[in-house]
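Me: I've just opened this one up and I'd like to walk through it piece by piece. Can you help me make sense of what I'm looking at?

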Amino acid sequence: AHQWRGVIREYADRLPVTEQTEVVTLGEGGTPLVPAQHLSALTGCDVRIKVEGMNPTGSFKDRGMTMAMTAAKAAGAQAVVCASTGNTSASAAAYAKQAGLTCAVLVPEGKISLGKLSQALAHGATLLQVDGNFDNCLEVARKLAEAYPVFLVNSVNPARIEGQKTGSFEVVDALGDAPDLHLLPVGNAGNITAYWRGYVEYSTPWENQAGETVAPVATRRPRMWGFQAAGAAPIVLGHPVTEPDTIATAIRIGNPASWEQAEAARDESGGLIDSVTDEQILEAHRWLSAKEGIFVEPASAAGVAGLLKKHAAGEVEPGQTIVITVTGHGLKDPDWALKSADGSAIEPTRVPFDVVSVADALGLQ
Ligand code: F0G
């Protein structure tokens, strides 16, 4: 059986690496594209979920981090740094270990989920809680990398975008062509930038490393629909948000680094960037786990929330092939699964240690 070798080796022809490159990988990518039966029935479309929580550290960041850490090693770096709402730090910490580099992460104070924090600490990163939000952390990280001998692994590093574009390669490889529509959450806007680049490259003749021209893999490109949290929706509002606020802490970002690239993806694809409320995000989060069997962290559900919102507004034409990227695993931030829609706690039913009581509790006759 074929063993998946990580995104760099699987897509070496389309990434800035050579046979001599010393690849840093944890086997990322190759994630499932799961049919969403209830979303499909609702919309009359063929809806598939790209489950990025299945990556080694539980989020899509690993696709970019294998490239960033490979680039850091090639550059002779000893130390890497990133700003993060949590997932980038978890990924950077793990890949830095694999690369034999030290890792420093800057996170906003008090707004990181315990799952992500524990990953960064477990992998031995130096974790600094900065008295500020994500945008402040990124500003400091960029300045640090300019003035000191540390290598920046945020998505402003072009290697990150290169790695993350493999998400769309996998979608096209699985479907046989690009979908009509691709939906995903937008925070710092690196991922929408990367997916669009992937779709553009896969639908364009490509010169491989042997100098041969390879025919396009896809005959078309999807419209890109990105969704920000309503309390952190600078691209939708058209101006930075100085105090972004949302329960979807992963996308609690007020001044995205890849703002212009995200607008280009939106405009070149004929798509849109809209916002969804925290209530809509949590409803989509519950829909995914309770109906489709897919457990994600809240921010990851923003694309599904967007589909539900647009469907309710009559703006989703039936008959389309739709892919939605869910970006991070539910175990990153599991507290949200223990609350019902009205905010009450969901708890297990307690039963005594005997088979009749258990059968009774299960309604078995
Ligand atoms: N979903 C999750 C689970 C994320 O962690 C992020 C970003 C996004 C969506 C948005 O992706 O920034 O490329 O638009 N998390 C970053 C971090 C900011 O530090 O982990 P984006």
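Reply: Sure! One term to start with: the domain bounds used here come from an automatic or database domain assignment. Also keep in mind that this is a predicted model.

Me: Okay, so which domains is the protein divided into?

Reply: One of them is built from two stretches of the chain, 7-56 and 161-338, and that's domain 1. The other covers 61-159, and that's domain 2.

Me: How far apart do the centres of domain 1 and domain 2 lie?

Reply: The two do touch: 35 residues of domain 1 are in contact with 29 residues of domain 2. Going by their C-alpha centres, the distance between them is 22 Å.

Me: Which element gives the most to the side of domain 1 that touches domain 2?

Reply: The helices α1 (7-10), α7 (158-164) and α8 (166-175) each supply at least two residues of that side. By class, that side has 14 nonpolar, 15 polar and six charged residues. The top giver, with four residues, is α7.

Me: Now the ligand. Which domains does the shell around the ligand draw at least three residues from?

Reply: There are 22 residues surrounding the ligand, and the closest are Ser 84, Gly 187, Asn 188, Thr 327 and Gly 328. Two elements give two or more residues to this shell, α4 (87-99) and α9 (190-202). As for domains, at least three residues come from each of domain 1 and domain 2.

Me: And how many residues of that shell are polar?

Reply: Let's split the shell by class. Six of its residues are nonpolar and two are charged. That leaves the polar ones, and they number 14.

Me: There's a sheet too. Which strands stand at its edges, and why is one side of each left without a neighbour?

Reply: It's an open sheet of four strands with parallel pairing, in the order β5-β4-β3-β6. A strand at the edge has a single partner, so one of its sides has no neighbour in the sheet. The two in that position are β5 (126-130) and β6 (151-152).

Me: Which residue in β4 is the bridge partner of Val 81?

Reply: Strand β3 (residues 79-83) pairs with β4 (residues 102-108) in the parallel sense, over five bridges. Cys 82 stands opposite Val 105 in β4. For Val 81, the partner is Ala 104.

Me: How many of the five residues of β3 are buried?

Reply: Helix α6 (residues 134-147) lies across β3, β4, β5 and β6, running at about 155° to β3. Strand β3 is mostly covered, and its count of buried residues is four.

How values were computed
Residues numbered from 1 in each chain as written. Predicted model: local features only at pLDDT ≥ 70, side-chain atom pairs only at ≥ 80, totals over all residues. Near = placed C-beta within 6 Å. Nonpolar A, V, L, I, M, F, W, Y, C, P; charged D, E, K, R; others polar. Pairing = 2+ DSSP bridges. Contact = placed C-beta atoms within 7 Å. Axes fitted to C-alpha atoms, helices over the stretch in contact; angles between N-to-C directions. Buried ≥ 20, exposed ≤ 12 C-beta atoms within 10 Å, placed from the backbone.
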